[in-house]
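Biologist: I've got a new model open on my screen and I'd like to talk it through with you. Can you show it, and then I'll fire off questions?

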Amino acid sequence: MSTLETDVVIVGVGSVGSMASWQLASRGQRVIGVDRFSIPGPFSAYAGESRMFRKIYAEGGHYTPLLQRSQDLWRILEENTGTRLLNTTGAVTIYDEHNPRLASLLAAGKNNGLDYEVLRGDEARTKYPEHVFRDTDVTIFDPDGGYVSSEKAVTAALTEATRLGAKFLGDRKAHSVEPYGDRYIVRTDREEIIASRVVLSQGNGAGPVCKDLGVHLSVLPQILTWFPIVDPAAFCRADMPVFVRRAEEKGRSDKTQFYGFPSADGWTVKVVASIFLDEVESMEKPPTWDPRHLDTIRAWVREFMPGLIPDPVRVATCADGHLPDTTALFGPVPGMEGVIVAAGFSGHGFKMASGLGAIAAELLLDGTTATDVSFMNPGRFLGPDTRLTSLALS
């Protein structure tokens, strides 16, 4: 078994790992990234063309500084690579008026001085005719929202990191990270890599790391769906925003929850139900699923988006790692100075990946960051005095 030496090892070079590779290489670090899949890979959380970007964020205004920084970094990566990545189309969020998330969404905008617009009834119907609006619906428009071309973005970051000297090793399994004198050794099934610093960003493969950090990571596959357009002009216009719809109103047995994007190809629209398949141990073998799983999203498209044919012509599978409090583990590992973990983003991490990569580099090289990420403290599920000395990676 060969032994390699470098400044930083990145285990998992998907959403966050690719961005950390770019940021660390841009600061003169020797970087080796390893991944269990090919690089870029087919079964990662970023699969399926696009991921939403929102500034008015129902998950809480404490994400706003990170989102603002990520927005700037997406533009820098675009400039560096000559690739369009962040498409600012605006974002429409449609809630029923009694939805408990509505107040949080409005507070995130108001308390952080962000621009937004609230519409109801005929005003919303006139502005966004592709949607069906009920009288109980409240619509919030976020002008800074849009979507990131996720697979293009990861590829762009990897390309830029490679140009800056980073090296990537795919199709190998990392087993552990352990102390090695005053450094660390990452053991894979094909080599041992010695480095002063380590980033653990394994996406839906981070279950063993999360277990060592005191919490279970649920790997939940999701089926992504694309529907044909009846009238292409309605979904291909320049001001067509991304959209999120959630309804929990009285009198309905189901909770409507789906999201979607403007057409990327001129004849289909990506509309995805926010529901998941049963938990799996790993995405190394993509899960099978019953075609009846699509009945729910078909019904929602039929009811709320009549300009689409409610039968998908394309499907893709991705899987996110979910934590019980839907908040990621991100930051230094207690007891392991020089080791950063980024795991469990619960389906809402990609929009922030560029910022997370930069912050990981700052924490490793400077020991601090100006962007508050303390709410993602990776030691919060451990006892207050717990210190780790090694981590299982598989």
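Biologist: Let's begin with empty space: how much of it lies in the second largest pocket?

Modeller: Bear in mind that this is a predicted model. Rolling a probe the size of a water molecule over the atoms shows where empty space is left. For the second largest pocket, the space comes to about 230 Å³.

Biologist: Which residues that line the second largest pocket are the closest to its centre?

Modeller: The lining is made up of 13 residues. Strand S20 (329-333), S21 and H9 each give two or more residues to that lining. Closest to the centre of the pocket are Arg197, Glu337, Gly338, Leu363 and Leu364.

Biologist: And which element gives the largest share of that lining?

Modeller: S21 spans residues 336-343, and six of its eight residues are buried, so call the strand mostly covered. The largest share of the pocket lining is five residues, and they come from S21.

Biologist: What does S21 pair with in the parallel sense?

Modeller: S21 has an antiparallel pairing with S20, over five bridges, and there Phe330 has Ala342 as its bridge partner. The parallel pairing runs over three bridges, with Val198 opposite Val339 of S21. The parallel partner is strand S14 (residues 197-200).

Biologist: Which residue in the turn between S20 and S21 has a positive phi?

Modeller: S20 and S21 form a hairpin, and two residues sit between them. Phi is about 90° for one residue in that turn, namely Gly335.

Biologist: Over to the cores. Which element gives the largest share of the largest nonpolar core?

Modeller: That core has 48 residues, and Leu24, Trp74, Phe330 and Met376 touch the most other members. Two or more residues each come from strand S2 (8-11), helix H1 (15-26), helix H2 (64-81), H5, S21 and helix H9 (353-365). The largest share is eight residues, given by H9.

Biologist: What does Met376 touch, leaving out residues up to four places away in sequence?

Modeller: Met376 belongs to the largest nonpolar core and is among the members that touch the most others. With residues up to four places away not counted, its contacts are Leu66, Thr327, Ala328, Leu329, Phe330, Phe345 and Leu356.

Biologist: How many residues are in the other core, the one with Val9 and Leu391?

Modeller: This core lies apart from the one that holds Met376. Val219 and Met336 are also among its members. The count is 34 residues.

Biologist: Is Glu160 buried or exposed?

Modeller: Glu160 lies in helix H5 (residues 150-163). Beyond residues up to four places away in sequence, Glu160 touches Trp22, Leu77, Asn80 and Thr81. Its relative accessibility is 5%, and the cut-off is under 20%, so Glu160 counts as buried.

Biologist: Why do the buried residues of H8 line one face of the helix?

Modeller: In H8 (residues 295-304), the buried ones are Ile297, Trp300, Val301 and Phe304. They line one face because, looking down the axis of H8, they fall within an arc of 100°. They pack against strand S15 (218-228), strand S16 (242-247), strand S17 (256-260) and strand S18 (268-273). So the arc behind that one face is 100°.

Biologist: Which strands stand at the edges of the five-strand open sheet?

Modeller: The order is S1-S13-S12-S11-S22, with mixed pairing. An edge strand has a single partner, so one of its sides is left without a neighbour in the sheet. The edges are strand S1 (2-5) and strand S22 (391-392).

Biologist: What is the bridge partner of Val186 in S13?

Modeller: Strand S12 (residues 183-188) and strand S13 (residues 191-195) pair in the antiparallel sense over four bridges. In S13, Val186 has as its partner Ile193.

Biologist: Last one, on backbone oddities: where is the cis peptide bond that involves Pro40?

Modeller: Most residues other than glycine have a negative phi, and most peptide bonds are trans. Pro40 is in the loop between strand S3 (31-34) and strand S4 (51-53), and Glu49, with a positive phi of about 85°, lies in the loop between S3 and S4 as well. The cis bond has omega near -10° and runs from Ile39 to Pro40.

How values were computed
Residues numbered from 1 in each chain as written. Predicted model: local features only at pLDDT ≥ 70, side-chain atom pairs only at ≥ 80, totals over all residues. Heavy atoms only, no water. Buried < 20%, exposed > 50% of the residue type's maximum accessible area, 1.4 Å probe, protein only. Arc of directions from axis to C-beta. Contact = heavy atoms within 4.5 Å. Pairing = 2+ DSSP bridges. Core = buried A, V, L, I, M, F, W, Y, C linked by side-chain atoms within 4.5 Å. 1 Å grid on protein atoms, 1.4 Å probe; cavity = no way out; pocket = protein on both sides within 12 Å on 5 of 7 lines; lining within 4 Å. Points joined across faces, edges and corners; volume = space filled by probe spheres on them.
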